[in-house]
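The exercises below go with the model shown next. Each has a task sentence and a solution in steps.

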Amino acid sequence: MDNNSKKNNNAGKRISNILDQSEKKLYEALFEISPDMNYLLDKDGYVVNISASSEKYLKYSREELLSFYFLDLVHEDDIDIAKEVYSKVMEKEASQFEIRLHNRDKEIIHFEVSSIPIFEGEEIIGAFGIARDITAKKEIERKLREDEQRYRSLFDDNVDAVITFDLEGRFTSVNKATEELMGCSADELIGKPFLPFIVPSLQEYTIKEFLKVLEGRSIQYETAMYNREKESVDLHITLIPIIIDDETIGIHCIGKDITVQKRAESALNDMAFNDYLTKLPNLYALNRYLDYLIESEEQFSIFMMDLDRFKTINDSWGHEMGDQLLKAVTQRLANHISVESKLFKYGGDEYVIVLKHKNMDEIYELAQVVKDLFKESFVFNEIEISISSSVGISIYPEDGTNMDTLFKKADNALYFSKIHGRNNVVMFRSIENEHDDKLTRMESYLRNAIKNNELSLVYQPQIDMSSREIDGVEALLRWDNPVLGSVSPYDFIPVAEESGLIIEIGNWVMDSACRQIQEWSKTDLGDLSVSVNISTHQFYHMDFITKIQEVLDDTKIDPRLLVLEITESIASNSDIVIDQLIQLKELGVKVSIDDFGTGYSSLKYLKDFPIDYLKIDKSFVQGIEKSKKDQDLVSTIITLAHNLGFETIAEGPETVKQVQFLIEHRCDYAQGYYYSRPITPENLEIWITNYSIKKKR
Ligand code: C2E
Ligand code: MG
Ligand code: MG
């Protein structure tokens, strides 16, 4: 037995001596059966007795424990508490405290301890303690604390405003982000209703949404409020009911500031759906609006409006003036049309008004308003500009049940208005049986083109690639119509062919070109050859050869200066063609195959034709830089053409690289924008002074 144990035994005896027999029994029973760990310490702090339950907690045998000093098992962080409490007890003070002990397995056990001093007379001889295991409770507390902290930080540190409201919509708690967002402190907010902060126009809606949460489900919506600086802040709101025991007692709210996002959205919307200059909704917006009207089966009409001669104003006064005019027209329109009508910008100088009408009178009324709008002129910087407008109207559903048809018919009506003197409002239904087809319209104009002096010829130079001299020019037809503007030959030649007008037009071209040769023959340009395009219809017309003969006789020009460009498709129709070509040869004119390479005829096939030139189609020439295949094609055509005794003309070179390639591959002539666009005879006479002309006489 060591010293400690001896001491313990002594103290234990002294304590048990204090008690009488019955007390002792009771004490021993209580000491032993209690689930708590009861212990006795002597005044030096050694364990003198400890209940059996200690073995369960501390995993030491009772005998072992009886040799421990009171601090032996105390968790290092709790040593100070243990010492302090012990000394308090030794100074006659009962104490209650919590402490952690290590057991043999190094597990930490939390105890709640009550300790009292034990007296022998006046003297304190030790301490009695009851230690209750509270490890489980501590664990729950720790968990709760952790949860609380977690939720706290969700609340406190959230970048979004997190708020709780009572059922009347008053603030009951707010986080830091809320204070920042609203520019108010928590104190200023708590107890106040939120509604006055909401932008007035959204208050009714917001309250409606807010009330939904009282039905017990979470909801989300967007709204906007004013902050302290009276700036509007867009918000995305999530509301969650706080339900305890089936009763909603408050509302959690998360408010996200979406101002930046909203602005970006609206800027994008603006760009996508509004005309840049006038800020009017544009074609996309119009499409959407019409979709909506058609879906909701509303009756409506489309007024397609176009400013007459706007281009002339733009050209003569400049774009800035044009822009100002468009803005002013927009203003005037917006001021005068009724609420039933909506205004859109359709294109450069085109507007569309969509009118939701109930009867025809409303349409007539608006038509009158639009017409009257332009009676007064516009004034900018003391410049007075008078302008009129043409309007075409189509009606849904009478004129069509889809947008395409309605637009097309309104456009047709507009077109009709333009060609009938402009400054007019025309309903599609009133012209339904007239010429509404674009081609027929073009044809009717083309019919009068010669008589009205609307046709002219421009000339594009052809350069000899080895000598850099000008060899000739190609005559290209131009048509300038007061209504249609300048129309591309790619568009009107097919119409002329279809309608048979090509014969008359072709003859006009032939006459004009030969007259030009005749004129130039008296000048320095006398050696220029002139190529004239011959349409298939012309070529097969029975009077074709006679006509050429007549012109040559009339003008007395050198026939070698006239080159007829026929297309590859004519040339591939060999039997009939060959006769005709021979006759042309006899007249002394030259023949060229235009657009060579696009018509699927082979050079082999052409070898029997009495022709002079192959014009390599511009699609190949322009492909030279990008495509090896086009390079091969061009060089092969040149080589084979030379072998067959034809000269080659490259059509459409635009760049120096293309020109270099053509020179390297011995192409004979080139005609393209690189040298010159087709120009008027007057301009040609100026342009040509920089070159010398290849002598032919
Ligand atoms: P084409 O006979 O093949 O005439 C060449 C076309 O290519 C011309 O177009 C000319 O302006 C264009 N061109 C020339 N060099 C370049 C270039 O470097 N780049 C580009 N992108 N284009 C170039 P244009 O004047 O518009 O004539 C188109 C077509 O209309 C002509 O093609 C011809 O088939 C027909 N055409 C023109 N005038 C008459 C005519 O008096 N009678 C007939 N029947 N057809 C004609
Ligand atoms: Mg041609
Ligand atoms: Mg061509």
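**Exercise 1. The shell around ligand 1**

Which element gives the most residues to the shell around ligand 1?

Solution. The model is a predicted one.

Step 1. Start with the surroundings: 24 residues surround ligand 1. The closest are Arg-478, Asn-533, Asp-594, Glu-654 and Tyr-673.

Step 2. Take the elements that supply two or more residues to this shell, namely β19, α18 (489-499) and β23 (590-596).

Step 3. The top contributor is β19, with 4 residues.

**Exercise 2. Polar contacts and cover of ligand 1**

Find the polar atoms of Lys-618, Gln-622 and Gly-652 that lie by ligand 1, and state how much of the accessible area of ligand 1 the protein covers.

Solution.

Step 1. For Lys-618, a polar side-chain atom lies 2.9 Å from an oxygen atom of ligand 1.

Step 2. For Gln-622, the partner in ligand 1 is a nitrogen atom, and a polar side-chain atom of Gln-622 lies 3.2 Å from it.

Step 3. Gly-652 takes part through its backbone: an N or O atom there is 3.3 Å from an oxygen atom of ligand 1.

Step 4. On its own, ligand 1 has 800 Å² of accessible area, of which the protein covers 88%. The space that ligand 1 takes is the largest pocket.

**Exercise 3. The magnesium ion (ligand 2)**

Which residues are the protein donors of the magnesium ion (ligand 2), and how are they spaced along the chain?

Solution.

Step 1. List the donors with their atoms: Glu-474 (OE), Asn-533 (OD1), Glu-565 (OE) and Asp-594 (OD). They lie 1.9 to 2.3 Å from the magnesium ion (ligand 2).

Step 2. Along the chain, these donors follow the spacing E-x58-N-x31-E-x28-D.

Step 3. Place two of them in the fold. Glu-474 is in strand β19 (residues 470-481) and Asn-533 in strand β21 (residues 529-533). The pair is 59 residues apart and links distant parts of the chain.

Step 4. Check their exposure. Glu-474 has a relative accessible area of 4%, so it is buried. Asn-533 counts as partly exposed because its relative accessibility is 28%.

**Exercise 4. The magnesium ion (ligand 3)**

Which residue bridges the magnesium ion (ligand 3) and the magnesium ion (ligand 2)?

Solution.

Step 1. Write down the donors of the magnesium ion (ligand 3): Asp-594 (OD), Asp-595 (OD) and Glu-651, which is listed with OE twice. Their distances from the magnesium ion (ligand 3) are 1.8 to 2.7 Å.

Step 2. The sequence spacing of these donor residues is D-D-x55-E.

Step 3. Asp-594 lies in strand β23 and Glu-651 in strand β25 (residues 647-651), so the pair ties together parts that are 57 residues apart in sequence. Both Asp-594 and Glu-651 are buried.

Step 4. The bridging residue is Asp-594, and the two magnesium ions that it bridges lie 4.3 Å apart.

**Exercise 5. Backbone geometry**

Where do the cis peptide bond before Pro-397 and the positive phi values of Asp-245 and Lys-279 occur?

Solution.

Step 1. Recall the background: most residues other than glycine have a negative phi, and most peptide bonds are trans.

Step 2. The peptide bond from Tyr-396 to Pro-397 is cis, with omega near 5°. Pro-397 belongs to the loop between β16 (389-396) and α15 (403-419).

Step 3. Asp-245 is not a glycine, yet its phi is positive, about 50°. Its place is the loop between β9 (232-244) and β10 (247-257). With a relative accessibility of 76%, Asp-245 counts as exposed.

Step 4. Lys-279, also not a glycine, has a positive phi of about 65°. The loop between α10 and α11 (283-295) holds Lys-279. Its relative accessible area is 57%, so Lys-279 is exposed.

**Exercise 6. Thr-259**

Is Thr-259 buried or exposed, and which backbone nitrogen lies 3.1 Å from a polar atom of its side chain?

Solution.

Step 1. Locate Thr-259 in helix α10 (residues 259-273).

Step 2. Buried means under 20% relative accessible area. Thr-259 has 8%, so it is buried.

Step 3. The backbone nitrogen is that of Asp-234, 3.1 Å from a polar atom of the Thr-259 side chain.

Notes
Residues numbered from 1 in each chain as written. Chains lettered and ligands numbered in written order. Predicted model: local features only at pLDDT ≥ 70, side-chain atom pairs only at ≥ 80, totals over all residues. Heavy atoms only, no water. Donors = N, O, S within 2.8 Å, 3.2 Å for Na, K, Ca; no water. Buried < 20%, exposed > 50% of the residue type's maximum accessible area, 1.4 Å probe, protein only. Near = heavy atom within 4 Å. Polar contact = N/O pair within 3.5 Å; in protein donor to acceptor, adjacent residues only side chain to side chain. Areas by Shrake-Rupley, 256 points an atom, 1.4 Å probe, with all protein chains shown as cover. 1 Å grid on protein atoms, 1.4 Å probe; cavity = no way out; pocket = protein on both sides within 12 Å on 5 of 7 lines; lining within 4 Å. Sits in = over half its atoms within 2 Å of the grid points.
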